[in-house]
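Here are my notes on one helix and its packing. Please read them with the model open.

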Amino acid sequence: MKQTILVIVMALLLLSNNTALATPTDLQAQQKKVNSVKQTQQGKDIFRLVDKYSKQYNVDSNIVKAIILVESGFNPKATSPHGCKGLMQMADVSFYSRKVGQNPYDIEQNIHAGTKHYAGMLAKYKGNSHLALAAYNAGGGAVDRSLKANGAIPTYTKGYVNKVQSYSKLITF
């Protein structure tokens, strides 16, 4: 029954946005990963810190957890080919400008900086999580230029935004 509802919800989301979302198989795999992470002490620390900073910055903790899932798969040592670091894949300029610490691989500093950054994007885009997530992924300047040029977020970030939003709603954190 739960899987049938999940498939129906996914179909409705696909029809409403015309951009590919996570498949039911992907959602099941990601749910398994989340369940596994929650069993570890590090995972418990991550979830506690996300809740703490989400509350501090008045943002949806499930969105922040979904950002971490998409960005690093809950790997605090993750480094992207572009040099983004830690759980929330912070670029150095974004991390250090938040003035919350000196180590982007430190779980607490990274979650603090990333949540603060996301909250800043939410404020910039007047609470629009779709635009804030696009800016988190592509940068605020890229989103602003794309909105001005064609009234939409950059094409290359649509899948990211949809995946984070669907994970935040469909995965039990």
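1. α3 and α4 are oblique to each other, because their crossing angle falls outside the ranges for roughly parallel (under 35 degrees), roughly antiparallel (over 145) and roughly perpendicular (65 to 115). Their axes cross at roughly 130 degrees and come within 9 Å. Axes here are lines fitted to C-alpha atoms, for helices over the stretch in contact, with angles from 0 to 180 degrees between N-to-C directions. The crossing is right-handed, meaning that the near helix is turned clockwise from the far one by less than a right angle.

2. On the α3 side, the contact (heavy atoms within 4.5 Å) uses I46, F47, V50, D51 and S54. α4 supplies S61, V64, K65 and I68.

3. This is a predicted model: local features need pLDDT of at least 70, side-chain atom pairs count only at pLDDT 80 or more, and totals for chains, interfaces and linings use all residues. Residues are numbered from 1 along each chain as its sequence is written, and side-chain values use heavy atoms, leaving out hydrogens and water.

4. Helix α3 spans residues 41-57, 17 residues in total. Its reach from first C-alpha to last is 24 Å, close to the 24 Å expected at 1.5 Å a residue. N58 follows α3 and has a positive phi, near 55 degrees.

5. Which residues of α3 are buried (under 20% relative accessible area, 1.4 Å probe, protein chains only)? They are G43, I46, F47, L49, V50, Y53 and S54. They lie on the same side of α3 because they cover an arc of only 165 degrees around the axis, taken from the directions from the helix axis to the C-beta atoms. They pack against α2 (24-38), α4 (61-72) and α6 (107-124).

6. The face of α3 turned away from the buried side carries Q41 and K55. Both are exposed, that is, over 50%.

Terms used: Helix = DSSP H or I, 4+ residues; strand = E, 2+ residues; numbered from the N terminus. Expected span 1.5 Å × (residues − 1).
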